[in-house]
Amino acid sequence: MNSRINIILIVWALLFAVSFIHTQLTAPTGDGFTRGMNRTMIFLGWQAAALVTAIVAFAVARRPRNELPRRTRIVASLPLVIHGVSLLVIVGMVVYAVAASG
């Protein structure tokens, strides 16, 4: 059972890393305001895949009658926490931008 969670966490880490690497290696397209929007969509797509993997890791670790050590359950919940914190940072930046402009 522990090996399943390890594999899921490795897949999550790869997806999370690829979201940054693929975004940086892609040339921005478009003109004006939409220039570079393709890079944003690539980043969000990989992050969505990583989020789904984080939810699966959390669900597998929290299953009833699961006799995993507490430490493993905590480690399996870290990807979900990382996504939550990144979402809060993005929302905070949007709120700051709106408040500073108006």
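**Close-up views of a three-helix model**

Ile-74 counts as partly exposed, because its relative accessibility is 37%. The model shown in these views is a predicted one.

**View 1. Ile-74 is a residue of helix H3.** The relative accessibility of Ile-74, 37%, falls between the 20% limit for buried and the 50% limit for exposed residues, so the side chain is classed as partly exposed. Ala-61 is 13 residues away from Ile-74 along the chain, and the two C-alpha atoms are 8.6 Å apart. Ala-61 itself is among the buried residues of H2.

**View 2. Helix H3 covers residues 70-101 and carries a bend at Leu-78.** H3 has 32 residues, which at 1.5 Å a residue should span 46 Å; the C-alpha atoms at its ends are 46 Å apart, so the two values agree. The bend at Leu-78 is about 30°. A proline, Pro-79, follows within four residues of the bend. Pro-79 is also one of the buried residues of H3, together with Thr-72, Ala-76, Ser-77 and His-83. These buried residues pack against helix H1 (2-25) and helix H2 (37-61).

**View 3. Helix H1 bends at Val-18.** The angle of this bend is about 25°. For the 24 residues of H1, a rise of 1.5 Å a residue predicts a span of 34 Å, and the end C-alpha atoms are indeed 34 Å apart. The buried residues of H1 are Ile-5, Ile-8, Leu-9, Trp-12, Leu-15, Phe-16, Ser-19 and Thr-23. They pack against both H2 and H3.

**View 4. H1 packs against H3 in a left-handed crossing.** Two packed helices are described by the angle between their axes and the distance between the axes. For H1 and H3 the angle is about 20° and the axes are 10 Å apart. H1 is therefore roughly parallel to H3. On the H1 side the contact involves Asn-2, Ile-5, Leu-9, Trp-12 and Phe-16. On the H3 side it involves Thr-72, Val-75, Ala-76, Pro-79, Ile-82 and His-83. Of the H1 residues in this contact, Ile-5, Leu-9, Trp-12 and Phe-16 are buried. Among the H3 residues, Thr-72, Ala-76, Pro-79 and His-83 are buried.

**View 5. H2 packs against H3, also in a left-handed crossing.** The axes of the two helices come within 8 Å and cross at roughly 150°. This angle makes H2 roughly antiparallel to H3. H2 contributes Gln-47, Ala-50, Leu-51, Ala-54, Ile-55, Ala-57, Phe-58 and Ala-61 to the contact. H3 contributes Arg-73, Ala-76, Ser-77, Pro-79, Leu-80 and His-83. Ala-76, Pro-79 and His-83 also appear in the contact of H3 with H1. H2 itself has 25 residues, and its first and last C-alpha atoms are 36 Å apart, close to the 36 Å expected at 1.5 Å a residue. Its buried residues are Gln-47, Ala-50, Thr-53, Ala-54, Ala-57, Val-60 and Ala-61. These pack against H1 and H3.

**View 6. Gln-47 is a buried residue in helix H2.** Its relative accessible area is 10%, which is under the 20% cut-off and therefore counts as buried. With neighbours within four places in sequence left aside, Gln-47 is in contact with Phe-16, Ser-19, Phe-20 and His-83. Phe-16 and Ser-19 are among the buried residues of H1, and His-83 is a buried residue of H3.

**View 7. Leu-51 is a residue of helix H2.** At 34% relative accessibility, Leu-51 counts as partly exposed. Not counting residues up to four places away in sequence, Leu-51 touches Leu-80 and His-83. Leu-80 and His-83 both belong to the H3 side of the contact with H2. Leu-51 and Val-91 are 40 residues apart in sequence, with 17 Å between their C-alpha atoms.

**View 8. Thr-23 lies in helix H1.** Thr-23 has a relative accessible area of 11%, so it is classed as buried. Leaving aside neighbours within four places in sequence, Thr-23 is in contact with Val-18, Arg-39, Ile-42 and Phe-43. One of these partners, Val-18, marks the bend of about 25° in H1.

Methods:
Residues are numbered from 1 along each chain as its sequence is written. This is a predicted model: local features need pLDDT of at least 70, side-chain atom pairs count only at pLDDT 80 or more; totals for chains, interfaces and linings use all residues. Side-chain values use heavy atoms; hydrogens and water are left out. The expected span of a helix is 1.5 Å times one less than its number of residues. The bend at a residue is the angle between axes fitted to the seven residues ending there and the seven starting there. Buried means under 20% relative accessible area, exposed over 50%, partly exposed in between (1.4 Å probe, protein chains only). Contact means heavy atoms within 4.5 Å. Axes are lines fitted to C-alpha atoms, for helices over the stretch in contact, and angles run from 0 to 180 degrees between N-to-C directions. Angles under 35 degrees count as roughly parallel, over 145 as roughly antiparallel, 65 to 115 as roughly perpendicular and the rest as oblique. A crossing is left-handed if the near helix is turned anticlockwise from the far one by less than a right angle, and right-handed if clockwise.
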